[in-house]
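Let's take a walk through this structure together, moving from the overall arrangement down to single residues. Keep the 3D view open as you read.

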Amino acid sequence: QNLARSPRMDRLVDVAREHIVEFTARGRCYAGVSWGKDSLVIAGLIASSGLRIPLVWVRVEPAANPDCAIVRDAFLARFPACEYVEIAVACDRRGSAWSATGTLERGFAEAAKQFGARHISGVRSEESGSRKLREMTYGIATERTCAPITRWSGRDVFAYLARADLPVHPAYACSYGGALERERIRVASLGGKRGTGHGRREWEWAYYRDEMMALGLSAGERVARV
C-alpha cells in the first residue's frame with residue numbers, strides 16, 4: 001500500500017500515460033488485453049485517462065481461462081464508456097493438449113484489420129529474456145508498438161492495481177498457499193502445450209480441474225507429459 005501511494009508510483013503512472021498519449025497521437029491504434037495483471041494496468045491507464053483507444057481481447061476457445069471473463073465484467077462495469085471488442089479464435093486438440101500455435105496471430109491479424117496494425121501492450125522486460133532484449137533494442141515504443149510499462153516490476157504492477165482499485169484475476173491467489181510468487185503465475189489459456197513445464201500442468205489441475213476435464217484432458221495424460 002505504501003508503494004501504491006508513493007511518489008515513485010506517481011512518476012511511473014505519469015510517464016506511462018505520456019507514452020500512451022504520444023503513441024496514439026501518431027495514428028490509430030488499439031490496446032491488447034488478456035485480463036491478466038499487466039494488460040489490466042494498460043486498460044486502467046487508458047480508461048482512467050479518458051482516452052478513446054479500443055481494448056481488444058483475443059479470446060482463445062475453448063481453452064480460455066474462465067476467470068478472465070470475471071475480471072472483464074468487473075472492469076467494464078466500472079468503465080462502461082470503454083470501447084471494447086472481443087475476437088474469438090479457435091485452437092485445436094492435438095493429442096494430450098490443446099495447441100494454440102498461430103491462434104493468437106490470427107486473432108491479432110483480425111484486430112489489425114479492424115483497428116490498424118499499431119498496438120499497445122502490457123509487455124514487461126522483467127518477464128523474459130526476449131522481452132528484455134526487445135526493450136534494450138527498441139525502447140518503449142516503435143512506430144507500430146508501444147509497451148508503456150515495460151520497465152515496471154511485478155511489484156509495481158500489483159501496486160498500481162491496488163492504487164486504482166482494479167479487479168485482480170483470481171489466479172494470482174492460486175499460489176499453493178503462498179509457495180508460488182504471484183508475479184510468476186500466468187492467466188493464459190488452459191490445457192495448452194506451451195508452459196507445461198515448471199509445474200504449470202500440475203497447477204492447472206490443482207486449481208482448474210473441472211475446466212481441464214471439460215477440455216477432454218485427463219490427469220493421466222498430464223503426468224505422462226511432465
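What follows starts with the sheet, moves on to the helices around it and ends with two contrasting residues. Please bear in mind throughout that this is a predicted model.

Begin with the sheet, which is open and has 5 strands in the order E3-E2-E1-E6-E7, paired in parallel. Its edges are strand E3 (84-90) and strand E7 (145-146), each of which pairs on one side only. Helix H3 (residues 67-78) packs on this sheet, where it touches E2 and E3, and its direction makes about 160° with that of E2.

Now look at the individual pairings. Strand E1 (residues 30-32) lies parallel to strand E2 (residues 55-61), and 2 bridges join them. One residue to find here is Ala31, whose bridge partner in E2 is Leu55. On its pairing with E3, E2 is again parallel, this time over 7 bridges. There, Val58 has Ile87 of E3 as its bridge partner. From E2 the chain crosses through H3 to E3, and this β-α-β crossover is right-handed.

How enclosed is E2 by the rest of the structure? Of its 7 residues, 5 are buried, so the strand is largely enclosed. The chain arrives at E2 from E1 by way of H2, in a β-α-β crossover that is right-handed.

That brings us to helix H2 (residues 37-49), a nice place for a quick check of geometry. With 13 residues at 1.5 Å a residue, H2 should span 18 Å, and its end C-alpha atoms are indeed 18 Å apart, so expectation and model agree. Just after H2, Gly50 takes a positive phi of about 75°.

Which residues of H2 are buried? They are Lys37, Asp38, Ser39, Leu40, Val41, Ile42, Ala43, Gly44, Leu45, Ile46 and Ala47. Since 11 of the 13 residues of H2 are buried, the helix is largely enclosed by the rest of the structure. A general point helps in reading such a list: an α-helix has 3.6 residues a turn, so residues three or four places apart point the same way. As for what surrounds H2, its buried residues pack against helix H1 (7-25), E1, E2, H3, strand E6 (119-120) and helix H6 (154-163).

Let's zoom in on one of these residues, Asp38, which lies in helix H2. Its relative accessibility is 9%, and because buried means under 20%, Asp38 counts as buried. The side chain of Asp38 makes a polar contact with the side chain of Arg124, at 2.9 Å. Leaving aside residues up to four places away in sequence, Asp38 touches Gly122, Arg124, Glu127, Ile149 and Val157.

For a contrast, turn to Gly177, in the loop between H6 and helix H7 (200-207). Is Gly177 buried or exposed? Its relative accessible area is 83%, and because exposed means over 50%, Gly177 counts as exposed. Val157, one of the residues that Asp38 touches, gives a useful reference point here. The C-alpha atoms of Gly177 and Val157 are separated by 21 Å, with the two residues 20 residues apart along the chain.

Note on methods. Residues are numbered from 1 along each chain as its sequence is written. This is a predicted model: local features need pLDDT of at least 70, side-chain atom pairs count only at pLDDT 80 or more; totals for chains, interfaces and linings use all residues. Side-chain values use heavy atoms; hydrogens and water are left out. Two strands pair if DSSP finds at least two bridges between them. Helices (H or I, at least four residues) and strands (E, at least two) are DSSP runs, numbered from the N terminus. Contact means heavy atoms within 4.5 Å. Axes are lines fitted to C-alpha atoms, for helices over the stretch in contact, and angles run from 0 to 180 degrees between N-to-C directions. The expected span of a helix is 1.5 Å times one less than its number of residues. Buried means under 20% relative accessible area, exposed over 50%, partly exposed in between (1.4 Å probe, protein chains only). A crossover is right-handed if, with the strands pointing away from the viewer, the path from the first strand over the helix to the second runs clockwise. A polar contact is a pair of N or O atoms within 3.5 Å; within protein, one must be able to donate a hydrogen and the other to accept it, and residues adjacent in sequence count only if both atoms are side-chain atoms.
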